[in-house]
Amino acid sequence: SQAQLRQYIEKAERLEEEINALKADLKDIFLEAKGEGFDPKIMKKVIALRKKPKAERTEEEALLEVYMG
């Protein structure tokens with residue numbers, strides 16, 4: 001059971017290392033895009049919107065239009 005716990009901890013540590021590497025890659029992508037003249041903040045918002053279901057996104061966009069008006 002102690003060996004099993006150690007395996008879980010080591011697996012979690014490896015995953016954290018992979019996550020950190022992916023975050024660094026993502027940061028590099030946004031820096032590269034910024035260097036090409038794109039706005040990383042807006043890109044992140046687009047990504048967040050694309051993750052949402054279409055109905056939820058449409059409703060949110062409609063509400064934004066109402067509030068902006």
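What follows is a walk through a predicted model, from its helix packing to its surface.

The helix pair is a good place to start. Helix α1 covers residues 2-35 and helix α2 covers residues 40-51. Where these two helices pack, their axes sit 9 Å apart and make an angle of about 125°. That angle makes α1 oblique to α2, because it falls outside the ranges for roughly parallel, roughly antiparallel and roughly perpendicular. On the α1 side, the residues involved are Phe30, Ala33 and Lys34. Their partners in α2 are Pro40, Met43, Lys44 and Ile47.

Phe30 deserves a closer look. This residue of helix α1 touches Pro40, Met43, Lys44 and Ile47, leaving aside residues up to four places away in sequence. Is Phe30 buried or exposed? With a relative accessible area of 10%, Phe30 is buried, since the cut-off for that label is under 20%. Looking back along the chain, Tyr8 is 22 residues from Phe30, and the C-alpha atoms of the two are separated by 33 Å.

Leu22 also has its place in helix α1, but here the label is exposed, at 57% relative accessibility. The label applies because exposed means over 50%. Between Leu22 and Ala33 there are 17 Å from C-alpha to C-alpha, for a separation of eleven residues in sequence. Ala33 turns up again among the α1 residues that meet α2.

Between the two helices comes a loop, and Asp39 lies in it. Asp39 counts as partly exposed, its relative accessibility being 41%. How far apart in space are Asp39 and Leu5? Measuring from C-alpha to C-alpha, the model puts 44 Å between them, with 34 residues separating the two in sequence.

Next come the charged side chains. The count of salt bridges comes to one. Lys52 and Glu60 form a salt bridge, and their closest N and O atoms are 2.3 Å apart. That pair qualifies because the limit for a salt bridge is 4 Å. Both ends get the label partly exposed: Lys52 has a relative accessible area of 26%, and Glu60 has one of 28%.

The last stop is on the surface, where Leu63, Val66 and Tyr67 form a nonpolar patch. Together these residues offer about 380 Å² of accessible area. One of them, Leu63, lies in helix α3, which runs over residues 54-68. Leu63 is partly exposed, with a relative accessible area of 45%. That value lets Leu63 into a patch on the score of accessibility, because patch residues need over 30%.

Methods
Residues numbered from 1 in each chain as written. Predicted model: local features only at pLDDT ≥ 70, side-chain atom pairs only at ≥ 80, totals over all residues. Heavy atoms only, no water. Patch = residues over 30% accessible without salt bridge, like charges linked within 9 Å, V, L, I, M, F, W, Y side chains within 5 Å. Areas by Shrake-Rupley, 256 points an atom, 1.4 Å probe, with all protein chains shown as cover. Helix = DSSP H or I, 4+ residues; strand = E, 2+ residues; numbered from the N terminus. Buried < 20%, exposed > 50% of the residue type's maximum accessible area, 1.4 Å probe, protein only. Axes fitted to C-alpha atoms, helices over the stretch in contact; angles between N-to-C directions. Parallel < 35°, antiparallel > 145°, perpendicular 65-115°, else oblique. Contact = heavy atoms within 4.5 Å.
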